[in-house]
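Biologist: Can you take me through this model? I'd like the overall layout, then a few spots in detail.

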Amino acid sequence: MKYPANEPQQPDDLEALLDRTLRARSQAGPRAGFHSRLAESLRQARDDEGSRRSWWGWLSAGRSAATLATVVGGTFLAAHHRTVPKLPGATPLAKNMQVPREIANFLAPEPERNAQPQLRSNSPAVARVRTEKAVTAAAETLPKLDTFPSPAVEASKPFGSGDPVAPVSLEAAEAMLSLQQQQARPITLTAVNLNRPLFGERQ
Amino acid sequence: MEHLVLFGARQQAGASGVAVAHAAEDAGFADIVERNAGFLYRVAYSLLRNAHDAEDAVQECLLKLHRTGGWRGMNDEKAFLARACWRAALDRLPRKGVDFTDAAAAQDLADVGLSPEASAVERSQAAHLHRLIDRLPLELREPLLLSGFEEFNSREVGEMLGIPEGTVRTRLKRAREELRRQWQLSQRGNPGQKAEIR
């Protein structure tokens, strides 16, 4: 049905056309092969995601294994670290150089040869105990200074006034005796005449 | 309709518990895709008016749902999927508008028993109406296009768009009035086409 050019448009016709247009717009069918393309793309995305997930899984597993190995190895080394005795007169090539235990035991002095190696631990508790032992040992070797009254030091006696030193030989005893006699004898000084020229008699 | 065989590789006998769970999950998603792929295409196509873009929007939507696992918690399957696909289509909507042709209108309109001449007139009018629809503001275009789906009522359209049902009806009324006004303006500028209006 058509309207003349000068006739007003019928609202119902436009509404009907709009309904048909919207219905047609909402009922468009996909092109052939849409479902297979969709399935393929989803399958490919799934595979990509799976490979990516597995790659990340392997990466995280490797990282966890490395961390575990580091922790276990560090704990083991800290627990079994042995102090190597110093070689007498030997200069290590490097600061952290350690001589194998067998060689060190062979070259060590006799008392140290069969000594049990000391265990060293890095734990704070062990370090604190070690520090307290060192302080106690150092305090025991020093003289006790807190005694009151302080012991007097015999510094007023002159050298030699105490017990005489025993002569080691007869000649030495005679020499010491003569020296004591010379020291006991008075010293006499001759008067000096200053008026007489000192060098006239020689001329 | 083709049967979707998705994720068939995981459905193997003797697989581990995790693999079986994955396979069951994938099978569930495959069922959802199989049930709604055509519907989602129609949702995307109603907005984009382009077959390639509509397919891409559907694929993108489904991939995103599968990747994020958002499809597991949906209550209303069709509304949820339509909302997701609608948003994916909105992201693909060209800013300058949809380039709609008479050929596309001819593809859309079904043969309703008109003569060849009347069919040509119908296609021309439909193409013009499509252009007017595509020029509507998005807030009016969305409820208008979604109201063309038999699957949705005003409440479901409102849930999809995140607006109240009353607002949907108001916008629908405004959209139709705006289309009528634009139609009349275009007919005044082109009297020859106005004569073709049935």
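**Two chains of helices**

Modeller: Along its sequence, chain A reads α-α-α-α-α-α. That is 6 helices and 0 strands. Bear in mind that this is a predicted model.

Biologist: And how many helices and strands in chain B?

Modeller: Chain B has 9 helices and 0 strands, in the order α-α-α-α-α-α-α-α-α.

Biologist: What share of each chain is buried?

Modeller: In chain A, 6% of the 203 residues count as buried. For chain B, the figure is 35% of 198 residues.

Biologist: What about long-range contacts in chain B?

Modeller: Take the contacts in chain B with a separation of 6 or more: 59% of them join residues 24 or more positions apart.

Biologist: Now the core. How many residues are in the largest nonpolar one?

Modeller: The largest nonpolar core has 47 residues. Those with the most contacts inside it are Leu40(B), Ala44(B), Ala57(B), Val58(B), Cys61(B), Cys85(B) and Ala89(B).

Biologist: Which helix gives the most to this core?

Modeller: Helix α1 of chain B, residues 17-48, with 11 residues.

Biologist: Pick Val58(B). What is it in contact with, leaving aside neighbours within four places in sequence?

Modeller: From chain B, Ala37(B), Leu40(B), Tyr41(B), Ala44(B) and Cys85(B). Leu38(A) is also in contact with Val58(B).

Biologist: Back to α1 of chain B. Ser46(B) is in that helix; is Ser46(B) buried or exposed?

Modeller: Ser46(B) is buried, because 25 other C-beta atoms lie within 10 Å and 20 are enough to count.

Biologist: Which residues does Ser46(B) touch, not counting those up to four places away?

Modeller: Arg25(A) and Ser26(A) in chain A, plus Leu145(B) and Gly148(B) in chain B. Separately, Ser46(B) and Ala89(B) are 43 residues apart in sequence, with their C-alpha atoms 9.4 Å apart in space.

Biologist: Leu145(B) belongs to α6(B), then. How many residues of that helix are buried?

Modeller: In helix α6 of chain B, residues 138-147, 7 of the 10 residues are buried, so the helix is largely enclosed by the rest of the structure.

Biologist: Which ones are they?

Modeller: Leu140(B), Glu142(B), Pro143(B), Leu144(B), Leu145(B), Leu146(B) and Ser147(B).

Biologist: What does Ala175(B) contact, apart from neighbours within four places in sequence?

Modeller: Leu136(B), Leu140(B), Arg141(B), Pro143(B) and Leu144(B). Ala175(B) itself sits in helix α8 of chain B. With 22 other C-beta atoms within 10 Å, Ala175(B) is buried.

Biologist: How far is Ala175(B) from Pro137(B)?

Modeller: Their C-alpha atoms are separated by 8.7 Å, and the two residues are 38 apart along the chain.

Biologist: Last topic, helix packing. At what angle do α5 and α8 of chain B pack?

Modeller: About 125°, with the axes 10 Å apart; α5 covers residues 116-135 and α8 covers residues 165-189. That angle makes α5(B) oblique to α8(B). The crossing of α5(B) past α8(B) is right-handed.

Biologist: Which residues make the contact?

Modeller: On α5(B), His128(B), Leu132(B) and Ile133(B). On α8(B), Leu179(B), Gln182(B), Trp183(B) and Ser186(B).

Biologist: And what classes of residue are those?

Modeller: The contact of α5(B) with α8(B) has 4 nonpolar and 3 polar residues, and no charged ones.

Notes. Residues are numbered from 1 along each chain as its sequence is written. Chains are lettered from A and ligands numbered from 1 in the order in which they are written. This is a predicted model: local features need pLDDT of at least 70, side-chain atom pairs count only at pLDDT 80 or more; totals for chains, interfaces and linings use all residues. Axes are lines fitted to C-alpha atoms, for helices over the stretch in contact, and angles run from 0 to 180 degrees between N-to-C directions. Helices (H or I, at least four residues) and strands (E, at least two) are DSSP runs, numbered from the N terminus. Angles under 35 degrees count as roughly parallel, over 145 as roughly antiparallel, 65 to 115 as roughly perpendicular and the rest as oblique. A crossing is left-handed if the near helix is turned anticlockwise from the far one by less than a right angle, and right-handed if clockwise. Two residues are in contact if their C-beta atoms, placed from the backbone, lie within 7 Å. Ala, Val, Leu, Ile, Met, Phe, Trp, Tyr, Cys and Pro count as nonpolar, Asp, Glu, Lys and Arg as charged, and the others, Gly among them, as polar. A nonpolar core is a set of buried Ala, Val, Leu, Ile, Met, Phe, Trp, Tyr and Cys residues joined through C-beta atoms within 7 Å. A residue is buried if 20 or more other C-beta atoms lie within 10 Å of its own, exposed if 12 or fewer, and partly exposed in between; C-beta atoms are placed from the backbone.
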